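Visitor: I have the sequence and the model open. Could you walk me through it?
Guide: Certainly; here it is.

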Amino acid sequence: MMLFKLAFRNIKKSIKDYLVYFATLILGIAIFYVFNAIDSQSAMLTLKDTKLEIIGLLTDVLSVVSVFVAFVLGFLIVYASSFLMKHRKKEFAIYMLLGMSKRSISAVIVIETIFVGIISLVVGLMLGVIASQGMSIVVANLFEADMTRFQFTISSSAIVKTLLYFLVMYGIVIVCDVFVVGKERLINLINSGKRSEKNYAKNPVLCVIVFIAACVLLGTAYYSVTAGAEDLHSIRDLGIQVVKGIIGTFMAFWSVAGMMIILAGKNKRFYFKGLNAFSVKELGNRVNSNVFSGGIICLLLFFTICVLSCSMSVRNSLNNVLRKNAQADVQMYSFADDFDETSLSIDEILENNNVDMMKFSDYSKLHVFGLAGVSAQELLKATEYRDSYYSDFGIIKQSDYNELARIYGRDEVGMADDEYILLANYSFAVDKYDLALKNGTTLDICGKTYKPAYNKCKRLSVLMSAAEDNDGILVVPDTCDLEGYVKTYPESARVIDIFTANYVDMSREEHDAWDEYLANLSIKYISDDSGDTYIAVNTKTDIYDASVGLAAIFVFTGSYLGMVFLISAAAILALKELSNASDNYDKYAVLRKIGVDEKMINRSLLGQSALFFGLPLGLAVIHSIFGIQTGIFILSVFSRGGLTNAILFSAGIILLIYLIYFSVTYACSKEIIKENRR
Amino acid sequence: MNEILKLEEVEKYYGGKINLTKALDKVSFSVDKGEFVGIMGSSGSGKTTLLNCISTIDRVTAGHIFMEGEDITNIRGNNLNKFRREKLGFIFQDFNLLDTLTALENISIALSIQGVNAGEIEKRVKAMAAKLDIEDVMNKYPYQMSGGQKQRVAAARALITSPALVLADEPTGALDSKASRHLLESMEMLNWDLQATILMVTHDAFSASYASRVIFIKDGKIFSEIRKGNDSRKQFFDKIIEVVTMLGGNLNDAL
């Protein structure tokens, strides 16, 4: 019973030191619950089957990510608790001097941890349950679910899972802490209060050299992943730049404090003003003693910013893409694998299956021709990209395209008799095509030479798609004898039939039924074993669902990982800052004795904390400016829309959480260095 | 009148009604400008409490302390810091240098918090370093210095602002005898050269013998007071020992 009392009092007494630890545990638990409870959101219950499949996939992805997250959080919690233990060695020494056995001390630790665990789990789960209702709204928004049937839900499976994972983590914490106390000898515990006067001042010349080297490393890495990205051919090339970035980051952290001290020392008017010399040196010492963790935190923050921005950006751009590329209700097309295969005509399929054409308010049938030799390679032959892009162009007639444009609700196109228009929106390809079009590159089609009507390709596609993946369709004048050419040279040409339609006004149920009926046609022809030709059916609904699902997976996984990394980074910084404040209590006492004002002391502390928190974030932001571009480059299939908004949004979230940690830390350390606390 | 410090019936009580401790019991004395006063007493005699009250770190229960005519027991809040920074200099037993700063920076901080400009700081620190023979450690960190050097740097920090009063709390407590002598000689020199007024608390008779006057405290009251006058340091030391013997010889490790 005495041990219980002791444990309870310890927590109550050191609540200030534990505040950051507590907050991190609670946040971690809440986040863990929210993301594991997504599948049981009430908004999900009203979704239809195809969406449920996607949510199944999302749940699978998130549960895999959860294991990783559990490792990160577990590491963080063990680190944080061992950090707190280090600062309580003196207390344990007193217990031991009073004759308490190590077994009893261990018991105190176990009781404390259980106590902390129970409180954090209860509060964390409550917070999580509340937050997940908010998440419901986000989910409903993403999936366009019916929010009228909203109800308060609690996912028991997520609670069980959270409890399980965190109980294991707390178990590990107990084992670690008990082990630490158990192996410690009394003399070391007693002496732990005496800090050796460590000084991390570094050779200034070396600092300058290392700092310049770090700048060079980072600079070249930045250049390579952005302006020089054309030369990155493989993951390995990119990997080298990433490694350069990582090494550069650590080198920067190794040398930045030295540089700062040199620069500050040069400006004597600044340096010998108030507590500036003290602040600069204290901060320098702290940065120098935390080179490794500073670097790690910077990289974590960098990762967080990139993941959050990129995932948000993918979502935004997907929405834009959908609006531009899925403009009709349904589209069917048949295609063959090779030139020597003849694909089925859409007419035949529609007729054979007695499709009721009255159900379509509007439809178009068109042929896309593929001719050997009319390709990207041909277009780019005079440019430096000659051998970098291979793709056959599809060719359609102007009138066919204009009919399709009507159904899509787009503007019609027009051109002279000897001109062509290139439609493309695949971002890898468009820049290269534009170069060739600007040069006025002519193309030989069906024995006639055509020149470009515009000096840029039109950022459009013909097929409906969830992504901007059209790498080239030519629109040619109706006078071009494509049919004749195909008849003459059947072996070097192929034809794809495309049928695009909008439904007449119908109920949601009938609409879904039609979607399903038409989609089944493609399955029918695959199972029919009709050679190497295929029927593809895309409905607007399917494209939207698939892409929303994709967006959801990106956004949820991204924000899940991002949040966890963010709180890890912020918590480590906060703990370091707090322990630093208690180590430096004596220094501030000296400053007070020699007559430094409270205001001056607080300002110095604020400056130190702000820079200690700000340095990793600052470097991470610089990294991100380049990293995000690379991320978007890799994800360029999704186009670059909405990046600014995405960055602003994620920057807002990051700053908010970071600022909360910073303010709590500053307030607590101000309290710690206050007079008469000891 | 040249009175820098004047204590009038200063009392300091600790504890409540039941277990009242009189740490200081109606202590009155004054210190003139340019004096080097030693305060001796055993542990628990109240000498540290006295020092804390004079330095405004602690508050008196009753009585008044005047500093250059101003009653410092009435100063409150930020003015206390201002008072300490402008009128007082501190030398502590365990040096209390800031370990991340070099000797130069440690000394200059006393000036920079007063808003003295950088050029002036450099000049004054240089002059003070020369006086205290610490020029060669100016760019060293405390961990690179010997105890004696550290204490002389601390002394430089205390005196650089030309304070009205320097308070030294067992300044030789953590030093060996050679370093102690060196420091005390420096303090004696500063007392002469700069007319610095020094109030030194010690329980070491040897240290006290460098002062021009020694006040003995026992159980919170002034027990006696002797002046050096025209005696040599050795003679003065013998006088101090006499008083210590009279006190009961239990000025623990008085020698």
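Visitor: How many residues does each chain give to the contact?
Guide: The contact takes 22 residues from chain A and 23 residues from chain B, where two residues are in contact if their C-beta atoms, placed from the backbone, lie within 7 Å. Please note that this is a predicted model, in which local features need pLDDT of at least 70 and side-chain atom pairs count only at pLDDT 80 or more, while totals for chains, interfaces and linings use all residues. Residues are numbered from 1 along each chain as its sequence is written, and chains are lettered from A and ligands numbered from 1 in the order in which they are written.

Visitor: Which elements of chain A give two or more residues to the side that touches chain B?
Guide: They are helix 11 (268-271), helix 12 (276-289) and helix 21 (585-593) of chain A. Helices (H or I, at least four residues) and strands (E, at least two) are DSSP runs, numbered from the N terminus. Helix 12 of chain A provides the largest share, 5 residues.

Visitor: And how do the residues on that side of chain A divide?
Guide: There are 9 nonpolar, 4 polar and 9 charged residues. Here Ala, Val, Leu, Ile, Met, Phe, Trp, Tyr, Cys and Pro count as nonpolar, Asp, Glu, Lys and Arg as charged, and the others, Gly among them, as polar.

Visitor: Changing topic: how many helices and strands are in chain B?
Guide: Chain B has 8 helices and 10 strands. Its radius of gyration, taken over C-alpha atoms, is 18 Å, close to the 18 Å that the globule rule gives for 255 residues, so chain B is as compact as a globular protein of that length. The globule rule is 2.2 Å times the number of residues to the power 0.38.

Visitor: What percentage of chain B counts as buried?
Guide: Of its 255 residues, 49% count as buried. A residue is buried if 20 or more other C-beta atoms, placed from the backbone, lie within 10 Å of its own.

Visitor: Which residues have the most contacts inside the largest nonpolar core?
Guide: They are A:I395, A:A571 and B:A156, in a core of 249 residues. A nonpolar core is a set of buried Ala, Val, Leu, Ile, Met, Phe, Trp, Tyr and Cys residues joined through C-beta atoms within 7 Å. Helix 20 (residues 540-583) of chain A supplies the largest share of this core, 22 residues.

Visitor: What does A:A571 touch, leaving aside neighbours within four places in sequence?
Guide: A:A571 is in contact with A:V20, A:T24, A:L76, A:A80 and A:Y661.

Visitor: Now helix 16 of chain A. Which of its residues are buried?
Guide: In helix 16 (residues 398-408) of chain A, the buried residues are A:Q398, A:D400, A:Y401, A:L404 and A:Y408. They cover an arc of only 155° around the axis, which puts them on the same side of the helix; the arc is that of the directions from the helix axis to the C-beta atoms.

Visitor: What do they pack against?
Guide: The buried residues of helix 16 pack against strand 2, strand 3, strand 7 (473-476) and strand 8 of chain A.

Visitor: How many bridges join strand 2 to strand 8 in chain A?
Guide: Strand 2 (residues 360-375) and strand 8 (residues 493-503) of chain A run antiparallel and are joined by 11 bridges; two strands pair if DSSP finds at least two bridges between them. A:L366 stands opposite A:I498 in strand 8 of chain A. Strand 2 of chain A also pairs with strand 3 (residues 392-397) of chain A in the antiparallel sense, over 3 bridges.

Terms used. Buried ≥ 20, exposed ≤ 12 C-beta atoms within 10 Å, placed from the backbone.
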